[in-house]
Each structure stands twice: as C-alpha cells, then as structure tokens.
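Me: Can you walk me through this one? I'd like to start with a loop and then move on to the sheet.

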Amino acid sequence: MQPTLIVELSDGVHSGYGEATTNTYYGMTLERMRNALESVRSLVEAQDQIDPQQLWSATAESLRDCPFALCALDQAAHDLWGKQQGQPVYQLWGLDNSRTPPSNYTIGIDEIDVMVAKLKEVPDWPVYKIKLGTSHDLEIIRALRQHTDATFRVDANCGWDVSEAIENSHALKELNVEFLEQPLPAENRDGQKELLRHSALPLIADESCIHESDVAACHGYFDGVNIKLVKCGGLTPARRMIDTARELGMKVMVGCMTESTVGISAIAQLLPLLDYVDMDGAALLAADIATGVVVERGVCRYPQANGSGVQLTSS
Ligand code: MG
C-alpha cells in the first residue's frame, strides 16, 4: 500500500485530476500536502478560467516548500483545461504523439535470483531500468543479460565512486546498457566532471536535477537530465526544463515515482518531447484507481479522451 494524493479541480461540468505520491525521503505526507493545498484554495477558486500556466505562477510561491502538492495541482489544472477545450493536453501543446519513446520497466535492487525472477515475471518490455549500487553490480547485469536481449539502463542511485563508474561504464557498454543514471553522489561535482570525460556511456542526472535551475547546473557534468514532476512542481516547470535542456544540447528523460494512472497519464502528455521515459508506475501497482493512459510492454496507449484522459474508476 502506498498512500497517494489525488487533486480534483472541477468547474461543475468537468473534473481534472492530478497526483502526488507520499514520500518519506522528502517528508511529503498526505497531511502536509493537504495543508499546503488548503493554503492556496482561495487563490485557486478565484480563477474564473483555468489557465494552467497562470495558475502555476499564482500558486508556486505559496507552495514552494511543497512541490509535490504544486505538481498535483498543476496536473489537475492541465487535465481540466484539456477537458474544457475538448482536446488532449499534448494536442493543445501542438505535439504529435505518433512517435514516442518506449518506457522502461524498473527492476529494484535485491538478491540476484530475486532480480532475475522479477525480470522473468514481466517479459517482453523493450527496456529495463536496473537499480544498482551493490558490491557485485556487474554480476547482477551479467545474470540478467542471460534472460533477455532487451536494452538495459542502469541507475546506481549515487552508489559508485569515480573510478568504479568509469570502469563499470566500459563493462556495461559491452552488456548493451544504454546509459548510467546518477552513478555518483550529487555533491561530487568534480568527480562528475571527470566521469563525463571518461565514461563510455551517457550520464543522466537524477538526484542532481531536482529544481528548475538544476538543468543548467548539470550542463558540462551530465549528458542529460531525468525530470520528475513531483520534485520540480508539475508539467509547467517540466516543460521549461525540457526547453532549457534542449537549448543546451542535453538529452531529456522524465521519470516517475510509483504514481497510479492519474500521474502516469500526465507524464504521457510530455512524451513526444522526450528521449527516454520511465513511466512504469501504474504497471507496478497491484490495484489502480483510474483509467487513462496505459503502458503495456513499454508502449504508451492514449485513450480517446480529452485533457490527460483521466477518469477515476471509483467515481
Ligand atoms: Mg534515479
């Protein structure tokens, strides 16, 4: 069971939905997110027309310490806006979703036989993201490689040092690994710069890219960034971060927490703008709470519906 916050914005006819998962690492409890949203209730209710960007600007300062709540509100505003306009959000942004990158499926860090068993439970995904950070990381990848030819991405979650990362990058390239996500701790800026010079694989920032301003700070240290909507405060800042990354010639990924279909459908609106995506959140859940975008074996299927396409199944 993972508690998650669902925000509903309604104009009396349409309802838009947004989501933020709870997160102990960031201290984001349901109560804290609820209180943060109550503090901007009058600001939200004062809007006579839903303009997601405008609503974000009006509430961002008050919700600065609670980007998860800001994200859920911003997603709900986009979903409502699209439903009012009678179009999917990606279409209102002028995007074409006929060619989108496949999502990976994440295999969490565990004993090797458990990781192999997990991989075999979800066959036929084109890409798997493997969480590493043990003393036997190469052994894990070699074991998994015996069971699939799919592309692997590796997320070391800050678990390596520079020489280890350089060495592993060469070995992992041979094992058809596509990139390394955050191999070093975020504070090791000098090491990161050195790693960028010597790594055999592209480097994607995760823990080093949280706020909007972090994209520019990652330039010259990473090849790309992994943007998470709850950490940056929603789709509105995420789009600006994508633009900045492109101007700097960097790769762009969007990642998820363990969102239900509500949060995953919001991510899907950005998909045509991305190189890589990690949107397996709802696929990892035993029970979902909404219908909308479906990710099956890495392929994102959009519903014939407006906004982000979300409908709660319980309502
Ligand atoms: Mg990561």
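Reply: Sure, one term to begin with: contact, or touching, means heavy atoms within 4.5 Å. This is a predicted model, where local features need pLDDT of at least 70, side-chain atom pairs count only at pLDDT 80 or more, and totals for chains, interfaces and linings use all residues. Residues are numbered from 1 along each chain as its sequence is written, and side-chain values use heavy atoms, with hydrogens and water left out.

Me: OK, what does Leu285 touch?
Reply: Leaving aside residues up to four places away in sequence, Leu285 touches Thr258, Glu259 and Ser260. Leu285 belongs to the loop between β10 and β11 (290-291); helices (H or I, at least four residues) and strands (E, at least two) are DSSP runs numbered from the N terminus.

Me: Is Leu285 buried or exposed?
Reply: In between: Leu285 is partly exposed, at 27% relative accessible area. Buried is under 20%, exposed is over 50%, and partly exposed lies between the two (1.4 Å probe, protein chains only).

Me: And how about Leu95, buried or exposed?
Reply: Leu95 has a relative accessible area of 18%, so it counts as buried. Leu95 is in the loop between α5 (89-92) and β3, and it touches Tyr90, Gln269, Pro272 and Leu273 when residues up to four places away in sequence are not counted. Leu95 and Leu271 are 176 residues apart in sequence, yet their C-alpha atoms are 9.1 Å apart.

Me: Switching to the sheet: what's the strand order?
Reply: Eight strands line up as β3-β4-β5-β6-β7-β8-β9-β10 in an open sheet, with parallel pairing. Strands pair here if DSSP finds at least two bridges between them. The edges are β3 and β10 (276-277), each with a single partner strand, so each has one side without a neighbour in the sheet.

Me: Why is β4 largely enclosed?
Reply: Because four of the five residues of β4 (residues 127-131) are buried, the rest of the structure largely encloses it. On one flank, β4 pairs in the parallel sense with β3 (residues 105-107) over three bridges, and Ile130 of β4 is the bridge partner of Ile107. The chain gets from β3 to β4 through helix α6 (residues 112-121), a right-handed β-α-β crossover. Right-handed means that, with the strands pointing away from the viewer, the path from the first strand over the helix to the second runs clockwise.

Me: How many bridges link β4 and β5?
Reply: Five, in the parallel sense, with β5 covering residues 151-155. Val127 stands opposite Thr151 of β5. Another right-handed β-α-β unit is made by β4, helix α7 (residues 137-145) and β5.

Me: Then what happens between β5 and β6?
Reply: β5 and β6 (residues 177-181) pair in the parallel sense over three bridges, and Leu180 in β6 is the bridge partner of Val154.

Me: Last topic, Asp79: which helix is it in?
Reply: Asp79 is in helix α4 (residues 67-85), and at 0% relative accessibility it counts as buried. The Asp79 side chain reaches the backbone nitrogen of Ser308 at 2.7 Å.

Me: What else does Asp79 touch?
Reply: Not counting residues up to four places away in sequence, its contacts include Ser15, Gly16, Tyr17 and Val89, as well as Asn306, Gly307, Gly309 and Val310.

Notes:
Polar contact = N/O pair within 3.5 Å; in protein donor to acceptor, adjacent residues only side chain to side chain.
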